[in-house]
Amino acid sequence: MAASGSGGGSSRADNGYGSQQPRRRKGPGALATAYLVIYNVVMTAGWLVIAVGLVRAYLAKGSYHSLYYSIEKPLKFFQTGALLEILHCAFGIVPSSVVLTAFQVMSRVFLTWAVTHSVKEVQTEDSVLLFVVAWTITEIIRYSFYTFSLLNHLPYLIKWARYTLFIILYPMGVSGELLTIYAALPFVRQSGLYSISLPNKYNFSFDYYTFLILVMISYIPIFPQLYFHMLHQRRKVLSHTEEHKKSE
């Protein structure tokens, strides 16, 4: 479940922290472009609201502990809103893999609802703030990147930030996600949350505790591959930008 195109705002092969160059295809039509600009502007504004909420809560409390409650509602709303990006791929208005995008969007939605929302005891953990801050900075940059790309006016600073800050934000976010899931384990085991035991009429059992452990293990092969892929993309994209500047 370890989470994360064109200016459309849907290529999430970077787990949301880095970037992947989209396959070159014909761009979206005028109507689709207008919709995508509006979508990305709204999402940028939404994550800015979350960022401001975090800062205001910190200044009011004088502590970074339990800041989750100050941004819980907008976080759930805008992170869930990213599900639209799966439809963007499905309808072909952005050139990204439906399966890959669905996997990466759902991984964050899963952490938001099936872990942080469902296991109330973890909401005061500092690890939650760790991934929330990483997601917030990442998404502000990502949606800004898509918006300006769609408008064909991408500032170099935003491009540089998108292809650079993941170096810190990706490990930061992944660490927060893993620590939050780990913190949830004893409460899930004790309560039997989302677990189905035998016997039952469907002759089916499911252990959510074991499932969460498997989710954590899945980060081991996925994280290094994505991280080194993003480093490669960074060198490729930024070096191309530098060469383009020199040729002008």
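In which helix is Thr116 found? Thr116 belongs to helix H4, and the legends below describe close-up views of a predicted model.

**View 1. Thr116 in helix H4 is a buried residue.**
The relative accessible area of Thr116 is 1%, under the 20% limit for a buried residue. Its side chain comes to 3.0 Å from the backbone oxygen of Leu111. With residues up to four places away in sequence left out, the contacts of Thr116 are Tyr68, Leu111, Val122, Gln123, Val128, Phe131 and Thr180. Val128 and Phe131 also appear on the H5 side of the contact between H4 and H5, where Thr116 is one of the H4 residues.

**View 2. Helices H4 and H5 cross at roughly 150 degrees.**
H4 spans residues 98-117 and H5 spans residues 126-150. Their axes come within 13 Å of each other. Because angles over 145 degrees count as roughly antiparallel, H4 and H5 are placed in that class. The crossing of H4 past H5 is left-handed. On the H4 side, the contact is made by Arg108, Leu111, Thr112 and Thr116. On the H5 side, the residues are Val128, Phe131, Trp135, Thr138 and Glu139. Sorted by class, the contact of H4 with H5 holds four nonpolar, three polar and two charged residues.

**View 3. Helices H1 and H5 pack with their axes 8 Å apart.**
H1 covers residues 30-61. The angle between H1 and H5 is about 150 degrees, and the two helices are therefore roughly antiparallel. H1 and H5 form a left-handed crossing. The contact of H1 with H5 is made up of 18 nonpolar residues, six polar residues and one charged residue.

**View 4. Thr136 in helix H5 is a buried residue.**
Thr136 is located in H5 and has a relative accessible area of 3%. A polar atom of the Thr136 side chain lies 2.6 Å from the backbone oxygen of Val132. Leaving aside neighbours within four places in sequence, Thr136 touches Trp47, Ile50, Ala51 and Leu54.

**View 5. The peptide bond from Leu198 to Pro199 is cis.**
The omega angle of this bond is near 0 degrees. Most peptide bonds are trans. Pro199 sits in the loop between helix H7 (166-191) and helix H8 (208-247).

**View 6. Tyr194, in the loop between H7 and H8, has a positive phi.**
The phi of Tyr194 is about 60 degrees, although this residue is not a glycine. Most residues other than glycine have a negative phi. The relative accessibility of Tyr194 is 45%, so this residue counts as partly exposed.

**View 7. Asn203, in the loop between H7 and H8, has a positive phi.**
Asn203 is not a glycine, and its phi is about 50 degrees. With a relative accessible area of 65%, Asn203 is exposed, the limit for that class being over 50%.

Note on methods
Residues are numbered from 1 along each chain as its sequence is written. This is a predicted model: local features need pLDDT of at least 70, side-chain atom pairs count only at pLDDT 80 or more; totals for chains, interfaces and linings use all residues. Side-chain values use heavy atoms; hydrogens and water are left out. Axes are lines fitted to C-alpha atoms, for helices over the stretch in contact, and angles run from 0 to 180 degrees between N-to-C directions. Helices (H or I, at least four residues) and strands (E, at least two) are DSSP runs, numbered from the N terminus. Angles under 35 degrees count as roughly parallel, over 145 as roughly antiparallel, 65 to 115 as roughly perpendicular and the rest as oblique. A crossing is left-handed if the near helix is turned anticlockwise from the far one by less than a right angle, and right-handed if clockwise. Contact means heavy atoms within 4.5 Å. Ala, Val, Leu, Ile, Met, Phe, Trp, Tyr, Cys and Pro count as nonpolar, Asp, Glu, Lys and Arg as charged, and the others, Gly among them, as polar. Buried means under 20% relative accessible area, exposed over 50%, partly exposed in between (1.4 Å probe, protein chains only). A polar contact is a pair of N or O atoms within 3.5 Å; within protein, one must be able to donate a hydrogen and the other to accept it, and residues adjacent in sequence count only if both atoms are side-chain atoms.
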